[in-house]
Amino acid sequence: MPSPLSSPQLRLNLSEGSVSFSFSPDAATNLKQAIDTLMNRLKVNATQTGGKPQPQEPMEYRYTGEVFLEIFCNPNIWSSPFAAKVLITLRDERIRLNTEAELTRLIEDVNQFLEQYG
């Protein structure tokens with residue numbers, strides 16, 4: 001169990017490795033809401049039959065704290081929520097990380113964080 005003085009760390013598991021950074025429970029709740037909206041958009045696209053699918057708005061989540069985090073996903077290019085991937089940018093004044101992660105893995109990581117700190 002982390003000490004009460006340390007800030008909560010969100011660990012994102014990537015296809016090759018992971019990254020951890022300070023993140024607040026409120027920010028995690030906001031990210032979960034953005035993901036829930038994205039999931040609804042992905043489900044709409046997956047269940048539409050016949051004709052041209054109605055374009056859905058992409059998810060663009062941004063968080064600024066000790067680090068800058070941006071998560072982007074275009075629901076129009078994925079056949080289902082299980083196939084979807086997100087683009088992640090994480091940076092501070094010393095380092096910048098750009099990578100891709102599975103949406104389902106991101107959901108698991110955020111839910112685990114919220115169970116621990118939320």
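These legends walk through close-up views of a predicted model.

**View 1. Four strands side by side make an open sheet.**
Start with the sheet, since the other views keep coming back to it. The strands line up in the order β3-β4-β5-β6, and the pairing is antiparallel. Which strands stand at the edges? They are β3 and β6, and each has a single partner strand, so one side of each is left without a neighbour in the sheet. The sheet also twists, by an average of 15° from one strand to the next. If you're wondering what holds such strands together, strands of a sheet pair through backbone hydrogen bonds, either parallel or antiparallel.

**View 2. Here we zoom in on β5 and the strands it pairs with, β4 and β6.**
With β4, strand β5 pairs in the antiparallel sense over five bridges. One spot to look for is F72, whose bridge partner in β5 is L87. With β6, strand β5 again pairs in the antiparallel sense, here over seven bridges. Try spotting T89, which stands opposite N98 in β6, and then R91, which stands opposite R96 in β6. How many residues does the hairpin use to join β5 to β6? Count along the chain and you get four.

**View 3. Helix α1 packs on the sheet.**
This helix covers residues 25-47, which makes 23 residues. From its first C-alpha to its last it reaches 33 Å, close to the 33 Å expected at 1.5 Å a residue. On the sheet, α1 touches β3 and β4, and its direction makes about 175° with that of β3. Now, which residues of α1 are buried? They are A27, A28, L31, I35, L38, M39, L42 and N45. Have a look at the spacing between those numbers with this rule in mind: an α-helix has 3.6 residues a turn, so residues three or four places apart point the same way. The cover over the buried residues of α1 includes β3, β4 and α2.

**View 4. A second helix, α2, lies across β4, β5 and β6.**
This one takes in residues 103-117. Check its direction against strand β6: α2 runs at about 105° to it. Besides lying over those strands, α2 is part of what covers the buried residues of α1.

**View 5. The largest nonpolar core has 30 residues.**
Some members are especially well connected: F23, Y61, L69, I71 and L103 touch the most other members. Which elements give two or more residues to this core? The list is β1, β2, α1, β3, β4, β5 and α2. Helix α1 gives the most, with seven residues. As a bit of background, in soluble globular proteins, nonpolar side chains tend to be buried together.

**View 6. Two of those well-connected core residues, F23 and I71, get a close-up of their own.**
Leaving out neighbours within four places in sequence, F23 is in contact with P8, L10, A28, L31, Y61, Y63, L69 and F113. I71 sits in strand β4. Is I71 buried or exposed? With a relative accessible area of 0%, I71 is buried. Not counting residues up to four places away in sequence, I71 touches L31, M59, E60, Y61, V86, L87, I88 and L106. Take M59 from that list: I71 and M59 are 12 residues apart along the chain, while their C-alpha atoms are separated by 7.5 Å.

**View 7. Three of the eight salt bridges in the whole structure are shown here.**
The idea is simple: side chains of opposite charge can pair when their charged atoms come close. In the pair of E100 and K85, the closest N and O atoms are 4.0 Å apart. E100 lies in strand β6 and K85 in strand β5, so the pair ties together parts that are 15 residues apart in sequence. Both ends are partly exposed, E100 at 37% relative accessibility and K85 at 32%.

Next comes E93 with R94, where the closest N and O atoms are 3.0 Å apart. Here E93 is exposed at 66%, and R94 is exposed at 68%.

Last is E60 with R62, with 3.7 Å between the closest N and O atoms. At 47% relative accessibility, E60 is partly exposed. Follow the shared partners and you find E60, R62 and E70 joined into one network.

Key. Residues numbered from 1 in each chain as written. Predicted model: local features only at pLDDT ≥ 70, side-chain atom pairs only at ≥ 80, totals over all residues. Heavy atoms only, no water. Expected span 1.5 Å × (residues − 1). Buried < 20%, exposed > 50% of the residue type's maximum accessible area, 1.4 Å probe, protein only. Contact = heavy atoms within 4.5 Å. Salt bridge = Lys/Arg side-chain N within 4 Å of Asp/Glu carboxyl O. Pairing = 2+ DSSP bridges. Core = buried A, V, L, I, M, F, W, Y, C linked by side-chain atoms within 4.5 Å. Axes fitted to C-alpha atoms, helices over the stretch in contact; angles between N-to-C directions.
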